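Work through these exercises with the sequence and the model open. Try each task before you read its solution.

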Amino acid sequence: MSIKKQSITLLSVAALSLSLSACSVFDYLIYKPDIPQGNYMEPQQVEKLRVNMTKEQAEYILGRPVLRDSFADDTWYFIYHYKSGRDASITHKELILRFDGDRLTAIEGDYDISPEFNTPLEQSTLPMVNKPELVPQNPEPQREGDKPLVEEEKGQSQAKKTFE
């Protein structure tokens, strides 16, 4: 075989093998979106739950559940499923609320429950975000003796000024 035929054969074999493995080699270049499904909840939301809360109060804090027990409305399921598009990692979290009548009795799931959960709502304090003391931000005068740009007339209201 001549060198020309060998090089063409070798080139065609390389092109064929590259085309067959191209999907796996260049997979990181293909955009795949992240897929979030269900109820995303912050830990601060779960920490606000207290025993004997009503269903309306729990729904106000967490939102509507993904699933309610179809035979009895006393069990609510909050499920969050997240699949990353980049590395195909999966995050799955569940929170199950159990009610007795209209009152919250128990919580199960993957979220940390507040140590004050068993303290009734009337006797507990809700967690607060650490906020610094709010101080009004009044601008300092630029120069001493600065006068306002518009002088306000004393004794007349704005309504009288517009009608005169």
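Two strands pair if DSSP finds at least two bridges between them. Helices (H or I, at least four residues) and strands (E, at least two) are DSSP runs, numbered from the N terminus. The model is predicted: local features need pLDDT of at least 70, side-chain atom pairs count only at pLDDT 80 or more, and totals for chains, interfaces and linings use all residues. Residues are numbered from 1 along each chain as its sequence is written, and side-chain values use heavy atoms, with hydrogens and water left out.

**Exercise 1. Pairing of β4 and β5**

Task: In which sense do strand β4 and strand β5 pair, and over how many bridges?

Solution.
- Locate the strands: β4 spans residues 90–100 and β5 spans residues 103–109.
- Their pairing is antiparallel, over six bridges.
- Check the register: arginine 98 stands opposite alanine 106 in β5. Leucine 95 faces glycine 109 in β5.
- Inspect the turn: β4 and β5 form a hairpin with two residues between them. Glycine 101 in this turn has a positive phi of about 75°.

**Exercise 2. Pairing of β3 and β4**

Task: Which residue in β4 stands opposite histidine 81?

Solution.
- Start with the pairing: β3 and β4 run antiparallel over nine bridges.
- Read across from histidine 81: the residue opposite is histidine 92.
- Then take the turn: six residues lie between the two strands of this hairpin. Alanine 88 in the turn has a positive phi of about 60°.

**Exercise 3. Order of elements**

Task: How many helices and strands does the chain have?

Solution.
- Count them: four helices and five strands.
- Write the order from the N terminus: α-β-α-α-β-β-β-β-α.

**Exercise 4. An aromatic pair**

Task: Classify the pair formed by tyrosine 40 and tyrosine 80.

Solution.
- Set the criteria: rings of Phe, Tyr and Trp (its six-membered ring) pair if their centres lie within 6.5 Å; planes under 30 degrees apart count as stacked, over 60 as edge-to-face and the rest as tilted.
- Search the whole structure: there are four aromatic pairs.
- Apply the criteria: tyrosine 40 and tyrosine 80 are 5.3 Å apart centre to centre, with 65° between the planes, and the pair is edge-to-face.
- Place the partners: tyrosine 40 is in the loop between β1 (35–38) and α2 (43–47), and tyrosine 80 is in strand β3 (residues 75–83), 40 residues apart.
- Compare burial (buried means under 20% relative accessible area, exposed over 50%, partly exposed in between; 1.4 Å probe, protein chains only). Tyrosine 40 is exposed at 51%, whereas tyrosine 80 is buried at 11%.
- Extend the group: Tyr40, Tyr80 and Tyr82 form one aromatic cluster.

**Exercise 5. The nonpolar core**

Task: Which elements give two or more residues to the largest nonpolar core?

Solution.
- Define the core: a set of buried Ala, Val, Leu, Ile, Met, Phe, Trp, Tyr and Cys residues joined through side-chain atoms within 4.5 Å.
- The largest core has 18 residues; Leu49, Leu62, Phe78, Leu95, Leu97, Leu104 and Ile107 touch the most other members.
- The elements are α3 (55–62), β3, β4 and β5.
- Probe leucine 62, using contact as heavy atoms within 4.5 Å. Not counting residues up to four places away in sequence, leucine 62 touches Met41, Gln45, Val46, Leu49, Phe78, Leu95 and Leu97.

**Exercise 6. Threonine 54**

Task: Is threonine 54 buried or exposed?

Solution.
- Place threonine 54: the loop between α2 and α3.
- Its relative accessible area is 13%, so threonine 54 is buried.
- List its contacts, leaving aside neighbours within four places in sequence: Phe99, Asp102 and Arg103.
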